[in-house]
Amino acid sequence: MVVTSELIAQHNSGGDLFWADYDERTPLHIACSEGQSDAAKFIIKCANGDQSKISHRDRWQGTPLGDAKRGLHDNPDNAGFRECVRLLEEAKAEGDEQEHE
């Protein structure tokens, strides 16, 4: 997958996979909100269990797990969202209050 290869290249060149944009959304938020489970798996692995990276809250207090659960709620047959939820729950990520809005 192109997204994952770009993340690997960024990581290997010393890039920060945990930077946040002006809305405090990280690459993990974006991957999970799009059901990009390969990218999410790579980012979670790079976090080495650091909950501040896995459960970072954006400006609306949303988390990557919340994004993945909302995506799964709206697209219940999507394997990517299902896998993102599984990966994040396995990593003990925090959800958010908006999960089913």
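**Close-up views of a six-helix chain**

Read along its sequence, the chain of this predicted model follows the pattern α-α-α-α-α-α. It has six helices and zero strands.

**Figure 1. The whole chain, seen as one body of 101 residues.** Along its principal axes, the C-alpha trace spans about 40 × 25 × 25 Å. For a chain of 101 residues, a compact globule would have a radius of gyration near 13 Å, and the value of 12 Å found here agrees with that. Of the residues, 45% count as buried. Among contacts between residues at least 6 apart in sequence, 69% join residues that are at least 24 apart.

**Figure 2. The surface of the chain and its charged side chains.** The chain exposes about 5600 Å². Carbon and sulfur atoms supply 49% of this exposed area. The chain carries 11 positive and 20 negative side chains. The centres of these two sets lie 5 Å apart.

**Figure 3. The cysteines Cys 32, Cys 46 and Cys 84.** The structure holds zero disulfides. Cys 32 is in no disulfide, and the nearest cysteine sulfur, that of Cys 84, is 4.3 Å away. A disulfide is counted only when two cysteine sulfur atoms lie within 2.5 Å. Cys 32 is buried, with a relative accessible area of 0%. For Cys 46, the closest cysteine sulfur is that of Cys 32, at 14 Å, which is too far for a bond. Cys 46 is also buried, and its relative accessible area is 15%.

**Figure 4. Helix α3, residues 37-47, and the residue that follows it.** This helix is mostly covered, since eight of its eleven residues are buried. The buried residues of α3 are Ser 37, Ala 39, Ala 40, Phe 42, Ile 43, Ile 44, Cys 46 and Ala 47. Cys 46, which also appears in the view of the cysteines, thus belongs to this buried set, because its relative accessible area of 15% falls under the cut-off of 20%. After α3 comes Asn 48, whose phi is positive, near 50°.

**Figure 5. Helix α5 and the helices around its buried residues.** Helix α5 covers residues 64-74. Its buried residues are Pro 64, Leu 65, Gly 66, Asp 67, Ala 68, Arg 70 and Gly 71. These buried residues pack against three helices, namely α2 (27-33), α4 and α6 (79-90). Two of the residues on the list, Pro 64 and Arg 70, return in the next two views: Ser 55 touches Pro 64, and Thr 63 is in contact with Arg 70.

**Figure 6. Ser 55 in the loop between α4 (51-54) and α5.** With a relative accessibility of 6%, Ser 55 counts as buried. Setting aside residues up to four places away in sequence, Ser 55 touches Thr 63, Pro 64, Ala 93 and Glu 94. Leu 88 is 33 residues away from Ser 55 in sequence, and the C-alpha atoms of the two are 8.8 Å apart in space.

**Figure 7. Thr 63, a second residue of the loop between α4 and α5.** Thr 63 is buried, and its relative accessible area is 0%. Neighbours within four places in sequence left aside, Thr 63 is in contact with His 29, Ser 55, His 56, Arg 57, Arg 70, Glu 94, Gly 95 and Asp 96. Glu 94 is therefore shared by two views, as Ser 55 touches Glu 94 and Thr 63 is in contact with Glu 94 within the cut-off of 4.5 Å between heavy atoms.

**Figure 8. Glu 24 and Gln 61, two loop residues with positive phi.** Phi of Glu 24 is near 65°, a positive value in a residue other than glycine. Glu 24 is placed in the loop between α1 (2-12) and α2. Glu 24 is partly exposed, with a relative accessible area of 34%. Gln 61 has a positive phi of about 70°, although it is not a glycine. The position of Gln 61 is in the loop between α4 and α5. At 42% relative accessibility, Gln 61 counts as partly exposed.

**Figure 9. Asp 77 in the loop between α5 and α6.** Asp 77 counts as exposed, at 73% relative accessibility. In sequence, Asp 77 and Trp 60 are 17 residues apart. In space, their C-alpha atoms are 27 Å apart.

Terms used: Residues numbered from 1 in each chain as written. Predicted model: local features only at pLDDT ≥ 70, side-chain atom pairs only at ≥ 80, totals over all residues. Heavy atoms only, no water. Helix = DSSP H or I, 4+ residues; strand = E, 2+ residues; numbered from the N terminus. Rg over C-alpha atoms; globule rule 2.2 N^0.38 Å. Buried < 20%, exposed > 50% of the residue type's maximum accessible area, 1.4 Å probe, protein only. Areas by Shrake-Rupley, 256 points an atom, 1.4 Å probe, with all protein chains shown as cover. Lys, Arg positive; Asp, Glu negative; His and termini not counted. Charge placed at Lys NZ, Arg CZ, Asp CG, Glu CD.
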